[in-house]
Structures are given as C-alpha cells and as structure tokens.
Amino acid sequence: MKKFVFPLQKVLELREYEEDKAKLELGKAVAEVERIKRLLEENARNRVSANQSRKDTNDVIILMNIENYIIGLDAKKEKLLEELTMAQMFFEEKRDLYTKAMQDREVLSKLKEKQLSEYKKEVLKEEENALDDIVKNSEL
C-alpha cells in the first residue's frame, strides 16, 4: 500500500506558520503591557520617594523643585496609563488573532489525524486480508 499523504498538508503548514506568527505577535503585545506596568510601578516608587523627601526638608526652593518633579511624575503617569490602555487593546486584538489562527490550524490537524487513523485501519485490514490469503493458500 502506498504511503499516507495528507492532501491539505501545505495548507496545514501555512496555518501552523500563521499560528506561530500570531503567537509571536501576542508575545510582543504581552511584553509591551508588562513594560508599561513596570514603568508605572517605577513612577509610583519615585512619587513615594519624592513625597518622603518633601517631608524631610524645609527649604522652599527644594520644596518647589520636588513639587515640580511630582507634577512631572503625575503627567508621566497619565501618559503611561493611556499607553497601557492602548497596549491592552492591542493585546486583546492579538489574542483574538492567535485564538482564530489556533482554531484554524486545529481544524486541519484533526482532519489529518482522522484521515491518518482511517489510513492505518485500511492498512491493517489489507494486512489481515493478505495474511488470511497466505493461510488459506498454505492449507491447500
């Protein structure tokens, strides 16, 4: 019997490639969300530190500088929050694309598994028939 050939193998390979590509894009989106979260945490630590410094000094010029720094940190926080929202929306989009690519690939993978299983059953059946023929011929 001839070797098993899945007629849609090239399509399956394309879908596997698209799934891998979508997974990579999803990973990049996750990394961006995490990067922004780290920046927000760093910003919060800097703000706490600046607030502590404000309590530790009485010099008006230093207090004004600290206040300006805190205002800058607050502006940066707002910008980072906007970036985080955009990054999370991008992440959701990439997650949806990855899910669709995975489902598209799974459909063909299951079809291939089913056809391979049927092929193996057919091979087994042919082997049994061949053995039956050999046994019948040897009995004669």
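Buried here means under 20% relative accessible area. Keep that cut-off in mind for the close-ups below, which come from a predicted model.

**View 1. Arg 105, tucked away in helix α2.** This close-up starts with Arg 105, which sits in helix α2. Its relative accessibility is 17%, so Arg 105 counts as buried. Who does it touch? Setting aside neighbours within four places in sequence, Arg 105 is in contact with Leu 12, Arg 15, Glu 16 and Glu 19.

**View 2. A salt bridge between helix α1 and helix α2.** Stay with Arg 105 and look at its side chain, which meets the side chain of Glu 19 in a salt bridge, 2.4 Å from N to O. The pair ties together distant parts of the chain: Glu 19 belongs to helix α1, Arg 105 to helix α2, and 86 residues separate them. Is Glu 19 buried or exposed? Glu 19 counts as buried, because its relative accessibility is 9%. There's a third member to look for as well, since a network of salt bridges links Glu 19, Arg 105 and Glu 106. For a bit of background, side chains of opposite charge can pair when their charged atoms come close.

**View 3. Lys 79 and Glu 83, a pair within helix α2.** In all, the structure holds nine salt bridges, and here's another of them: the side chains of Lys 79 and Glu 83 meet with 3.1 Å from N to O. These two are four residues apart in helix α2, so about one helical turn separates them. How open are they to the surroundings? Lys 79 is exposed, with a relative accessible area of 52%, while Glu 83 comes in at 26% and counts as partly exposed.

**View 4. Arg 95 and Glu 92, another pair in helix α2.** Here the side chains of Arg 95 and Glu 92 form a salt bridge, at 2.4 Å from N to O. What separates the two along the helix? About one helical turn, because Arg 95 and Glu 92 are three residues apart in helix α2. Arg 95 is partly exposed at 36% relative accessible area, and Glu 92 also counts as partly exposed, at 33%.

**View 5. A patch of negative charge on the surface.** Which residues gather in this patch? They are Glu 122, Glu 126, Glu 127, Glu 128, Asp 132 and Asp 133. Take Asp 132 as a sample member: it lies in helix α2, which covers residues 60–139. With a relative accessibility of 43%, Asp 132 counts as partly exposed.

**View 6. A nonpolar patch on the surface.** Now for a patch without charge: Leu 8, Val 11 and Leu 111 make a nonpolar surface patch of about 190 Å². Val 11 is part of helix α1, which runs over residues 9–55. Val 11 has a relative accessible area of 35%, so it is partly exposed.

**View 7. Gln 9 and Lys 112, far apart in sequence.** The last close-up pairs two residues that are 103 residues apart in sequence: Gln 9 and Lys 112. How many ångströms lie between them in space? From C-alpha to C-alpha, Gln 9 and Lys 112 are 8.3 Å apart. Gln 9 lies in helix α1, and its relative accessible area of 23% makes Gln 9 partly exposed.

How values were computed. Residues are numbered from 1 along each chain as its sequence is written. This is a predicted model: local features need pLDDT of at least 70, side-chain atom pairs count only at pLDDT 80 or more; totals for chains, interfaces and linings use all residues. Side-chain values use heavy atoms; hydrogens and water are left out. Patches are made of residues with over 30% relative accessible area and no salt bridge: like charges are joined within 9 Å, nonpolar side chains (Val, Leu, Ile, Met, Phe, Trp, Tyr) within 5 Å. Accessible areas come from the Shrake-Rupley method with a 1.4 Å probe; for residues, only the protein chains shown count as cover. A salt bridge is a side-chain nitrogen of Lys or Arg within 4 Å of a carboxyl oxygen of Asp or Glu. Lys and Arg count as positive and Asp and Glu as negative; His and the chain ends are not counted. The place of a charge is taken as NZ of Lys, CZ of Arg, CG of Asp or CD of Glu. Buried means under 20% relative accessible area, exposed over 50%, partly exposed in between (1.4 Å probe, protein chains only). Contact means heavy atoms within 4.5 Å.
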